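User: I would like to go through the terms used for this model one by one, and to see how each is justified.

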Amino acid sequence: MKFDPRKIRKTVLDMAYAGSTVHIGCAFSIVELLSVLYRNYLRYPENDPLNKGRDYFLLSKGHGVMAQYACMLELGWLCDDDISNYFSDGSNLKGLSDSRIPGIEVTSGSLGHGFSVGVGLAMGVKLHKTGQKTYVLVGDGEINEGPIWEGALFAAHHNLDNFMVIVDENGFQAMGSTQDIIALGSIQSKFESFGFEAITIDGHDEIAINKAVSDLWRSNKQKPKALIARTVKGKGVDFMEHDNSWHYTRLNQKSYQRAILSIDSGNL
Amino acid sequence: MRNALSDALVSLGKKDPRILLLTGDHGYALFDDFRRECTEQYINAGIAEQNMVGLAAGLARSGFRPIVYGLSAFIPIRVLEQVKLDVAHDQLPVIFIGDGAGFVYSHLGTSHQSTEDIACSRAVPNLSVYSPADRFELTQCLMTAYQEKSPVYLRIGKADRGDVHQLPIDIKPGKLIKVRTTRKSKYSFIATGSMVVTAIDVADKLNIDIDIWSVPFIKPIDHLTVEEICHNSEAIVVFEEHSKYGGLGSLISEISSSSYPIKILQIAVNDCFSQKCGTYEYLLQEHGLDFSTVYTKVCSFLQDL
């Protein structure tokens with residue numbers, strides 16, 4: 001199966017171990033979302049990440065970029081050396097998403113940027129009448145950022161029903177739980193009150209993700225779409241799940257091997 | 001100058017349907033003609049400048065030519081990170097117009113005044129910075145920005161200081177414009193925006209031979225011409241309605257110090273915010289940029305050489 005979540009998580013671990021990098025937990029929470037999108041929805045004519053007729057996928061929470069790199073490896077846009085040489089001097093792939101890599105649409109890491117750029121792309125598609133879809137994946141912590149809500153008002157005002165925001169609601173941000181830092185309340189209600197059509201699902205259930213995306217696009221309401229995905233930070237590795245220290249913890253040989261073992265023996 | 005801006009925008013909009021004019025709910029009467037002539041190309045993005053710049057980046061990526069208008073206190077200062085990451089990083093052809101630069105909004109206070117915009121925008125890679133002095137330079141700057149394939153910040157300051165030039169100009173990007181040349185000048189004045197008129201007035205009153213240059217293109221600038229001016233002058237005075245840090249005075253000093261080091265007097269805004277409310281002329285006085293203070297400073301500088 002293409003974009004197998006286990007394989008994607010293992011690639012993320014390989015990268016994180018090779019580069020001795022952080023942000024593993026926030027890559028793991030979006031794996032199934034990316035799997036379903038790349039497998040069933042994102043169209044790249046001729047498998048060209050720069051094709052003008054492509055759908056747009058913007059990873060606005062650039063901290064989860066290793067999961068996207070893993071998908072891009074499966075698409076053949078990256079090669080094994082990119083994975084094994086992650087973070088080596090002079091290499092191309094950075095720790096946060098960078099738009100100079102074909103397949104990555106925006107430079108992120110400073111949060112709250114991708115949403116507005118996605119709104120601009122969706123508006124451009126409307127004006128050109130070319131029909132592509134725009135997906136922007138944001139973190140729940142990221143929606144603390146003001147421009148998200150500026151963009152939400154604009155997208156709804158202009159009836160951009162070709163725009164979908166996907167919120168990775170893993171309940172954590174860098175320094176702790178979203179509940180303790182800036183409580184978000186109901187994200188679905190917030191987007192609905194901004195004029196979006198919104199659905200909340202289990203963000204690790206591929207069937208549910210697939211159905212929700214399909215239902216949102218099939219709706220005839222001329223509204224932008226919001227998919228709220230309830231996820232687990234660190235999902236897939238037993239000792240990382242719900243443990244926010246894996247936002248910043250690096251792997252050593254022992255924890256790397258334990259993590260691989262956990263994925264192999266998991267019930268995902 | 002404002003009529004020239006409106007005319008140039010309408011002319012660009014009618015010529016190229018990819019032009020989209022985005023405003024952050026500013027420019028009340030300025031866009032009447034554009035809205036009438038290019039109705040579908042006008043977007044009021046609301047009081048949401050950060051989103052407006054990201055939006056412009058997305059539109060530019062899908063093949064449009066956005067022109068983003070705001071007060072220079074907001075465009076580019078409030079949105080500097082969006083300008084840097086969403087637009088300049090990818091060299092997207094977005095034109096940013098920052099209006100009312102300097103002390104134009106003298107009565108409204110610091111939130112609407114802008115004397116750090118050149119310094120901030122100059123430091124952003126891939127971003128050009130233009131600062132026209134009159135309607136002819138403004139038209140030339142906007143047309144040049146349209147020809148560019150990368151982003152431009154166009155700074156518009158006090159718009160009613162009169163013409164510097166008699167006729168439309170046609171110069172290459174980066175070139176300085178010779179406003180006045182004399183045969184035996186030992187001194188050069190280099191000025192930008194609203195302060196070009198002041199430089200001319202000071203030279204007139206001094207009644208000595210002085211070359212005067214206007215700088216509509218701050219970045220990139222023709223280094224060779226600046227080096228020549230430094231080489232051929234005993235001293236230079238640089239005039240700008242902008243902080244003395246990081247603006248035109250800094251730029252000329254940077255070039256001079258690495259080519260022909262000479263004495264340079266910076267007529268610029270000191271490192272302070274406005275204290276009081278008043279007319280434009282009053283604020284210039286508070287910051288030592290009014291004609292009489294400038295004249296005294298220049299006299300004293302030239303006498304001490």
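Analyst: What follows takes up the chains, their contact, and then single elements of chain B.

The model is predicted, and local features are therefore given only at pLDDT of at least 70 and side-chain atom pairs only at pLDDT 80 or more, whereas totals for chains, interfaces and linings use all residues. Residues are numbered from 1 along each chain as its sequence is written, with chains lettered from A and ligands numbered from 1 in the order in which they are written.

User: What makes chain A as compact as a globular protein of that length?

Analyst: Chain A has 11 helices and seven strands, where helices (H or I, at least four residues) and strands (E, at least two) are DSSP runs numbered from the N terminus. The globule rule is 2.2 Å times the number of residues to the power 0.38, and the radius of gyration it is set against is taken over C-alpha atoms. For 268 residues the rule gives 18 Å, and because the radius of gyration of chain A is 17 Å, close to that value, chain A is called as compact as a globular protein of that length. The C-alpha trace of chain A spans about 50 × 45 × 30 Å along its principal axes.

User: How do you know whether the radius of gyration of chain B agrees with that of a compact globule?

Analyst: A compact globule of 305 residues would have a radius of gyration near 19 Å, and chain B has 19 Å, so the value agrees. Chain B comes to 12 helices and 12 strands, and its C-alpha trace spans about 60 × 40 × 35 Å along the principal axes.

User: Which residues of chain A and chain B are counted as being in contact, and how many are there?

Analyst: Two residues are in contact if their C-beta atoms, placed from the backbone, lie within 7 Å. By that criterion 20 residues of chain A are in contact with 21 residues of chain B. On the side of chain A that touches chain B, α6 (114–128) and α7 (146–157) of chain A each supply at least two residues, and the largest share, 10 residues, comes from α6(A). This side of chain A divides into eight nonpolar, 11 polar and one charged residue, with Ala, Val, Leu, Ile, Met, Phe, Trp, Tyr, Cys and Pro counted as nonpolar, Asp, Glu, Lys and Arg as charged, and the others, Gly among them, as polar.

User: What makes domain 1 and domain 2 the divisions of chain B?

Analyst: The bounds come from an automatic or database domain assignment, which divides chain B into domain 1 (2–155) and domain 2 (177–303). The centres of domain 1 and domain 2 of chain B, taken over C-alpha atoms, are separated by 26 Å, and the contact takes 23 residues from domain 1 of chain B and 28 residues from domain 2 of chain B.

User: Why is helix α5 of chain B called largely enclosed?

Analyst: A residue is buried if 20 or more other C-beta atoms lie within 10 Å of its own, exposed if 12 or fewer, and partly exposed in between, with C-beta atoms placed from the backbone. Six of the eight residues of α5 (residues 80–87) of chain B are buried, so this helix is largely enclosed by the rest of the structure. The buried residues are Q82(B), V83(B), K84(B), L85(B), D86(B) and V87(B), and what covers them includes α6 of chain A together with α3 (49–61), α4 (73–78) and β4 (95–99) of chain B.

User: Why is L302(B) called partly exposed?

Analyst: L302(B) has 18 other C-beta atoms within 10 Å, and because this count lies between the limits for exposed and buried, the residue is partly exposed. L302(B) is found in helix α12 (residues 291–303) of chain B, and touches Y187(B) and A235(B), not counting residues up to four places away in sequence. L302(B) and Y187(B) are 115 residues apart in sequence and 8.8 Å apart in space, C-alpha to C-alpha.

User: How do you know that strands β8 and β9 of chain B pair?

Analyst: Pairing requires that DSSP finds at least two bridges between two strands; β8 (residues 187–191) and β9(B) have five bridges, in the parallel sense, with S188(B) opposite D211(B) in β9(B). Strand β7 (residues 177–180) of chain B is joined to β9(B) by three bridges and runs antiparallel to it. Strand β9 (residues 210–214) of chain B is mostly covered, with five of its five residues buried.
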